[in-house]
Every structure is written in C-alpha cells, then in structure tokens.
Amino acid sequence: MFEDGIRTPQKQETHTIDTANVITFKLKAVLEGLARHLFGDDIKVRWVDAYFPFTHPSFELEVFYEGDWMEVLGCGVVEQKVLELAGVSAKAGWAFGLGLERLAMVLYGIPDIRLFWSHDSGFTSQFTGRSPNESFKYRPVSVHPQVYFDLSFWLPEGATPEEITANTYDLIRSVGGSLIEQVNLRDSFKNKKTGRLSQTYRLVYRSNERALMKEEVKVIHKQIEQQLVEKYGVKLR
C-alpha cells in the first residue's frame, strides 16, 4: 500500500501505483454515479487532469450539458502528509468538492447567484416543499415590490376544509390573474364553542410591469372576498 518511492503524475511518493490506481478507480466510479444521479443516466462525462494543493493526482469532472462541457467538481487522492497531520497515517483516501449553488443554477435555470441570499418570498417559495428529485425551472421574480393582504373566513356548514381550500385557490387565481404571485394557507382552526372551522390565507400581489398601489390591490382583494361569499357561502372574519 505504501512505499518510499518517487512522485509521478499518477501517484504520490508514499503510495504504490496499485494503491493510487485503486483509489482513483473508486473515486471516479462514485463521482460519476453522483453526476448521473443529478443530470440523468444518459449524461456524458469526462475527466480532466487538474491541480489542487491537498490532493495528488487531482482531477476535474465535466459533464456535457445543454450542448457544452461544464465543470461539476474537483477531486483527487488526499496528500498523505495531510492524513499524517490528522493522525491517520496508516490510511489513504480521496476527497472532492463541488459548488452547490452553481449546480442549482444550472439545474433550475437560476440566472444570478445573488438570488440564493435573497429573502424575497417570490424566490424562496418556489423551492419550499419540493423534492430534490423534482424537475422544474425557476420563474423570474419581478423587481417591483410585493403587496400583502390576508383573507380570513368561517367555512359554511357541511363543507370540508379540503374542498374549500381547493375552491379558494382556484377563485383567487381566476380573479387576481397574473397579479397573484403567491397564495398560502397560513392558519386553520376549529372554534371549540361553536364547532365552526376557520381559514386564513396570505395573498401576495405583484406585477412584472410596475409597482402596484395598495388601493388598486384592495379593489381586487374585495372582489375575491365577495365572490367567495357568493359562490361558496363563506363568512368573512
């Protein structure tokens, strides 16, 4: 496994060529599997020789994605001196590093890395509750400010929460159209005395073309309230 030899492009001076080959084979097999898990089983991959200060030999893994070769990660056989300093001189191993933000930008079509530090719910809500295996593309967020309104009502007798929730979402989208950025059910409870059920929604309005005035949004919000009362018999709170 170890020897007092010479350093070559294929190995460190402390490793036999067999040790270097086995570790290199394992790291490439694992990381190619990771790339195929992220980009699909049919993705083309290639290895490029590289230099990193704490590994030798070192490599970069590239994938052929959307018509071009793209670097995904860097890796290599850990320098034995590093392992000696860590107190595990009798072992050999490999390491890799990848930028999660860059991968997310590619997989989801996110145009600007600064969005990852944004607290804008127009961005963050697109990823809330999604599975890592779900395939979707980021929808650009308007640069104009959001306008918030809450909507609370008592459910009519005999109506199920699931039924009212589905109808409420559909009606809000129908009336508000493209100005509705988000609809979230924020609260649902049962009055212990009366047994009546209540729901509260947070509606986020935003335009891609201009800043919305609160008064004009209030008009649309009132229309939504009125239609919920007329169509589904809810009682506003």
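Two strands pair if DSSP finds at least two bridges between them. With that in hand, here are some close-up views of this predicted model.

**View 1. Strands β6 and β7 run side by side.** Strand β7, residues 197-205, pairs with β6 in the antiparallel sense, and 9 bridges join the two. Look for serine 188, which stands opposite glutamine 199 in β7.

**View 2. An open sheet of 4 strands.** Step back from that pair and the sheet comes into sight, with the order β6-β7-β5-β8 and antiparallel pairing. Its edge strands are β6 (180-190) and β8 (235-236), each of which pairs on one side only. Strands of a sheet pair through backbone hydrogen bonds, either parallel or antiparallel.

**View 3. Two helices meet the sheet.** Helix α5, made of residues 161-176, lies across β5 (147-154), β6 and β7. Relative to β6, helix α5 runs at about 155°. Helix α6 (residues 214-232) packs on the sheet as well, touching β5, β7 and β8. The direction of α6 makes about 20° with that of β5.

**View 4. The chain in two domains.** Domain 1 covers 17-108 and domain 2 covers 147-236. Their C-alpha centres lie 50 Å apart. In an unreviewed entry, UniProt places "domain: Aminoacyl-transfer RNA synthetases class-II family profile" at residues 1-132. Over residues 1-132 the chain is 32% helix and 27% strand, with 39 Å between the end C-alpha atoms. The feature "domain: FDX-ACB" is placed by UniProt, again in an unreviewed entry, at residues 142-237. That span, residues 142-237, is 36% helix and 31% strand, and its end C-alpha atoms lie 31 Å apart.

**View 5. An edge-to-face pair of rings.** Phenylalanine 39 and tyrosine 65 form an aromatic pair, with 5.2 Å centre to centre and 65° between the planes. Phenylalanine 39 lies in helix α1 (residues 17-39) and tyrosine 65 in strand β2 (residues 55-65), so their pairing ties together parts that are 26 residues apart in sequence. Both phenylalanine 39 and tyrosine 65 are buried.

**View 6. A tilted pair of rings.** Tryptophan 94 and phenylalanine 96 form a tilted aromatic pair, 6.1 Å centre to centre with 35° between the planes. Are these rings buried or exposed? Tryptophan 94 is partly exposed, because its relative accessibility is 29%, and phenylalanine 96 is partly exposed too, at 40%.

**View 7. A cluster of rings.** Here, ring pairs link Tyr108, Phe116, Phe123, Phe127, Phe136 and Tyr138. For the model, the count comes to 14 aromatic pairs.

Key
Residues are numbered from 1 along each chain as its sequence is written. This is a predicted model: local features need pLDDT of at least 70, side-chain atom pairs count only at pLDDT 80 or more; totals for chains, interfaces and linings use all residues. Side-chain values use heavy atoms; hydrogens and water are left out. Contact means heavy atoms within 4.5 Å. Axes are lines fitted to C-alpha atoms, for helices over the stretch in contact, and angles run from 0 to 180 degrees between N-to-C directions. UniProt positions are given in the numbering used here, feature names are shortened, and annotations may be inferred rather than shown by experiment. Domain bounds come from an automatic or database domain assignment. Rings of Phe, Tyr and Trp (its six-membered ring) pair if their centres lie within 6.5 Å; planes under 30 degrees apart count as stacked, over 60 as edge-to-face and the rest as tilted. Buried means under 20% relative accessible area, exposed over 50%, partly exposed in between (1.4 Å probe, protein chains only).
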